[in-house]
Amino acid sequence: MTTSYHNHSTWSDGTTAISEMVSAAEQIGLLEVGVSDHFVLYPGGEQVGWTMPLDRLGEYLEDIQAAARGAKVTVRAGIEADFFPETVETLRAILAQHPFDYVIGSVHYLDGFPIDEHRRFWDALSVEQREEKWRLYWERIRQLAQSRVYDFVGHLDLPKKFGHRPTISHAEAQTAALDAIAAADMAIEINTAGWSLPAQEAYPALSLLRAARERDIPLLINADAHAPAHLTRHFDRARDLAREAGYDHLVRYERRQRVAVPL
Ligand SMILES: [Zn+2]
Ligand SMILES: [Zn+2]
């Protein structure tokens, strides 16, 4: 009953075409595979190198539909859209024009600071500046949830990617973010990519996963694959982690309606 919904193709920064991702999903025997390329509506009109072309959403969806035709796996049309306070209303209007199965909300930038691009950006900060990034990150996640534009949050504690963990508690901002996710009836994912990165653990950490479970926040397990070989990377570990946090169900999506499936 495995689904894998957070995956990138050559429409953004993935290495292979959508059709190849779908073929790989068939071979693995997935129940459902989703494509979720980056859509980055950067404030001020600047365009980051790893977003899909912002004016080609229709073609992107047609490409997903073409790959789905005749496939022996259910193919879902998703997108990973960055949250920026400055552009979220424009994003809302754009997304409303297209029939997605789900929309992933991610924060990769904090007022221009690139969270996951390279560790040198974190290394250059003082301890106090890093704490400020963490605090701002949780504030952005709270705002992302409150926008109600998205179905689930991508890689919930991304700032740990290069191993820079907080040295003080951000419990207040973190709690506000989780409460907002629950209030918006959004889900989160275990993003298994972190296990292959300096963070050396999945996103989010077990403590956050437990806090999400306490709030009945639904869960998916995703790989953030940028190549077909990674479609289900570390999924066994992720299922164990989900159980450890108290989960016995995961969710899948169809036309932005959530359906529960046994873990
Ligand atoms: Zn991401
Ligand atoms: Zn991603």
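These are my notebook entries on a predicted model of a protein chain with zinc ions.

**Entry 1: the whole chain**

I began with the secondary structure and found eight helices and twelve strands in the protein chain. Next I looked up the overall dimensions. The C-alpha atoms fill a box of roughly 55 × 45 × 35 Å along the principal axes. How does the radius of gyration compare with that of a compact globule? For 263 residues such a globule would have a value near 18 Å, and the protein chain has 17 Å, so the two agree.

Then I checked burial and contacts. Of the 263 residues, 54% count as buried. I also looked at contacts with a separation of 6 or more, and 76% of them are between residues 24 or more positions apart.

My last check here was on surface and charge. The chain exposes about 11,100 Å², with 47% of it supplied by carbon and sulfur atoms. I noted 27 positive and 38 negative charges, whose mean positions are 3 Å apart.

**Entry 2: the zinc ions**

Which residues coordinate the zinc ion (ligand 1)? I found Glu 80 (OE), His 108 (NE2) and His 155 (NE2), at 2.1 to 2.2 Å. I wrote the spacing of these donor residues in my margin as E-x27-H-x46-H.

Glu 80 has a second partner: this residue bridges the zinc ion (ligand 1) and the zinc ion (ligand 2). The two ions lie 3.4 Å apart. I then traced where Glu 80 and His 155 sit, and the pair links distant parts of the chain, 75 residues apart. Glu 80 belongs to strand S4 (residues 74-82), while His 155 is in the loop between strand S8 (152-153) and helix H6 (171-183).

Are these two donors buried or exposed? Glu 80 has 1% relative accessibility, so I put it down as buried. His 155 has 3%, so I put it down as buried too.

**Entry 3: His 6**

I moved on to His 6, in the loop between strand S1 (3-4) and helix H1 (18-28). Its relative accessibility is 0%, so His 6 counts as buried. What does His 6 touch, leaving out residues up to four places away in sequence? My list includes Glu 80 and His 155, which I had just met as donors to the zinc ion (ligand 1). Also among the contacts of His 6 are Ser 36, Ile 104, Glu 189, Asn 191 and Asp 224. I looked up one distance as well: His 6 and Val 103 are 97 residues apart in sequence, and their C-alpha atoms are 10.0 Å apart.

**Entry 4: the loop between S11 and S12**

Arg 255 lies in the loop between strand S11 (249-254) and strand S12 (257-262). I marked Arg 255 as exposed because its relative accessibility is 55%, and the cut-off for exposed is over 50%. Setting aside neighbours within four places in sequence, I found Arg 255 in contact with Pro 99, Phe 100 and Asp 101. Arg 255 and Ala 77 are 178 residues apart in sequence, yet 8.6 Å apart from C-alpha to C-alpha.

Arg 256 lies in the loop between S11 and S12. With a relative accessible area of 29%, Arg 256 is partly exposed. I kept its backbone angle for the next entry.

**Entry 5: backbone surprises**

I wrote down a reminder first: most residues other than glycine have a negative phi, and most peptide bonds are trans. Arg 256 is not a glycine but has a positive phi of about 70 degrees. Asp 111 is not a glycine either, and its phi is positive at about 45 degrees. I located Asp 111 in the loop between strand S6 (109-110) and strand S7 (113-114). Its relative accessible area is 58%, so Asp 111 is exposed.

Where did I find a cis peptide bond? It joins Tyr 203 and Pro 204, with omega about -10 degrees. Pro 204 lies in the loop between strand S9 (187-191) and helix H7 (206-214).

**Entry 6: a residue in a helix**

I ended with Glu 132, found in helix H5 (residues 127-147). Glu 132 counts as partly exposed because its relative accessibility is 38%. Glu 132 and His 170 are 38 residues apart along the chain, and I noted a C-alpha separation of 9.8 Å.

Methods: Residues numbered from 1 in each chain as written. Chains lettered and ligands numbered in written order. Predicted model: local features only at pLDDT ≥ 70, side-chain atom pairs only at ≥ 80, totals over all residues. Heavy atoms only, no water. Helix = DSSP H or I, 4+ residues; strand = E, 2+ residues; numbered from the N terminus. Rg over C-alpha atoms; globule rule 2.2 N^0.38 Å. Buried < 20%, exposed > 50% of the residue type's maximum accessible area, 1.4 Å probe, protein only. Contact = heavy atoms within 4.5 Å. Areas by Shrake-Rupley, 256 points an atom, 1.4 Å probe, with all protein chains shown as cover. Lys, Arg positive; Asp, Glu negative; His and termini not counted. Charge placed at Lys NZ, Arg CZ, Asp CG, Glu CD. Donors = N, O, S within 2.8 Å, 3.2 Å for Na, K, Ca; no water.
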